[in-house]
2 protein chains.
Amino acid sequence: MKQPKQPEEATEKKILEAARTVFHRAGYDGARMQEIADEAGINKALLHYYFRNKDKLFEAVFREALRRNMIPLMHMMMSADTTVEEKITNFARNYIETIRRNPELPGFIIHEINRNPQRLVENAKTEGLVIPQTLIVQIGEGIEQGRYNPVDPRQLVVSLVSMCIFPFIGRPMIQMAMQISEHEWDAFLEERITLIPQYIFKILHKL
Amino acid sequence: MKQPKQPEEATEKKILEAARTVFHRAGYDGARMQEIADEAGINKALLHYYFRNKDKLFEAVFREALRRNMIPLMHMMMSADTTVEEKITNFARNYIETIRRNPELPGFIIHEINRNPQRLVENAKTEGLVIPQTLIVQIGEGIEQGRYNPVDPRQLVVSLVSMCIFPFIGRPMIQMAMQISEHEWDAFLEERITLIPQYIFKILHKL
DNA sequence: GTCTATACGGTGATAGAC
DNA sequence: GTCTATCACCGTATAGAC
């Protein structure tokens, strides 16, 4: 079944997939090159052939993760042609539905950023991850025009993001404290997609 | 300056403090026994004399962290003699002001729980960390009596907790995305102490 | 490109003197 | 109780055959 001379990209892809799985689960410090090799069905030496060392391999995984996790956020803060309400609704749905398929992603990113905050700054430059403030500005305008309650837009957006992300990283604690079974969890998440925007609008909208 | 024969407890305490510092910053996998020994001003062998191995030492640190992090939460969910509003207000203030002095605590706990969710279950038993549902029930009653909007109490409490905890674990991302300087961060946190209960009440209260 | 074998430093843990 | 010295192992990384 083995193909000794498959196109190089296939192997590289297998490695990246395996590395993603292991790094996401165990983090940089907990990951073992041997484990990644096993997961990819190759040996350690080949890992070093494609990615010179553990750091390089990790960087590739981290960059991709950062991008995947940030895209919904950036999309929300950017896109000039949607209303505040649309941005918020889209973000909650978009983020929760996307991340739900990779629930370990936020925990991985947050842990690695806290382990080395500098990395975020560097990646922000190279990856062009400068987050535009369109949504913040837009909310500010709505307040000036008297359409919204006079809230601090930054505090509101942080609250929105908190409510979307935290369930993924705090899942075991939440399930235990709120007595939510494994079986109920999906429905609980699904509910949040519509509830979170409602919450935010209650805070933002007058009356 | 050294005291060759100081009371045993002093050394044990120094070790625990050092272990806390290192484990909180680096996590179990990233922590090195040598580093803990240095931080405590002793040598590795003495670590093993007091705590037989790395796991035992870690367990001590983790249990204490879990307790410290959960106490405000449990206090909120329990105390039978306060109103819903008091519980929520007290929690936000209590949690943010407490954790602010150990900002790495939530990240540490969450990472270690996700690394081994089983540990939470075990510690919950031995430490008596069964979280009572007083607040949840109380909100439910308020809804039945028509005093509150018909929200899902669990979703509301999860949102409350999310908004309080997330800033501590997502700080670098938040600061970058919201362009909050180191200097402004404290004020930003301080504001949240009063804002979060206001948000929750907007969702909960009628009109 | 892929493998096996191996070098080499670091890490948790122990032995044993004081 | 505290130290120095040392062990056994594991993990990353490289050498070299195919």
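Me: How do the residues of the surface near DNA strand D divide into nonpolar, polar and charged?
Reply: They divide into nine nonpolar, four polar and four charged. Ala, Val, Leu, Ile, Met, Phe, Trp, Tyr, Cys and Pro count as nonpolar, Asp, Glu, Lys and Arg as charged, and the others, Gly among them, as polar. This is a predicted model, in which local features need pLDDT of at least 70 and side-chain atom pairs count only at pLDDT 80 or more, while totals for chains, interfaces and linings use all residues. Residues are numbered from 1 along each chain as its sequence is written, chains are lettered from A and ligands numbered from 1 in the order in which they are written, and side-chain values use heavy atoms, with hydrogens and water left out.

Me: What makes a residue near DNA strand D, and how many residues surround the strand?
Reply: A residue is near a strand if one of its heavy atoms lies within 4 Å of it. 17 residues surround DNA strand D, and Met33(A), Lys44(A), Lys54(A), Asn43(B) and Tyr50(B) are the closest. Of the atoms of DNA strand D that come within 4 Å of the protein, 64% belong to sugar and phosphate.

Me: Why is the approach of Met33(A) to DNA strand D called a polar contact?
Reply: A polar contact is a pair of N or O atoms within 3.5 Å (within protein, one must be able to donate a hydrogen and the other to accept it, and residues adjacent in sequence count only if both atoms are side-chain atoms). A backbone N or O atom of Met33(A) is 2.9 Å from a phosphate oxygen of the strand, so the pair qualifies. Asn43(B) places a polar side-chain atom 2.9 Å from a sugar or linking oxygen of DNA strand D.

Me: Which helix gives the most to the surface near DNA strand D?
Reply: H3(B) does, with four residues. Helices here are DSSP runs (H or I, at least four residues), numbered from the N terminus.

Me: How many residues does the contact take from chain A and from chain B?
Reply: It takes 46 residues from chain A and 47 residues from chain B, where contact means heavy atoms within 4.5 Å.

Me: What area do chain A and chain B bury between them?
Reply: About 4,600 Å², with 68% of it on carbon and sulfur atoms. Buried area is the accessible area (1.4 Å probe) that two parts lose on being put together, summed over both.

Me: How many salt bridges does the rule find across the interface of chain A and chain B?
Reply: The rule asks for a side-chain nitrogen of Lys or Arg within 4 Å of a carboxyl oxygen of Asp or Glu, and it finds zero salt bridges across this interface. Polar contacts between chain A and chain B come to 13 residue pairs, both residues at pLDDT 80 or more.

How values were computed
Helices (H or I, at least four residues) and strands (E, at least two) are DSSP runs, numbered from the N terminus.
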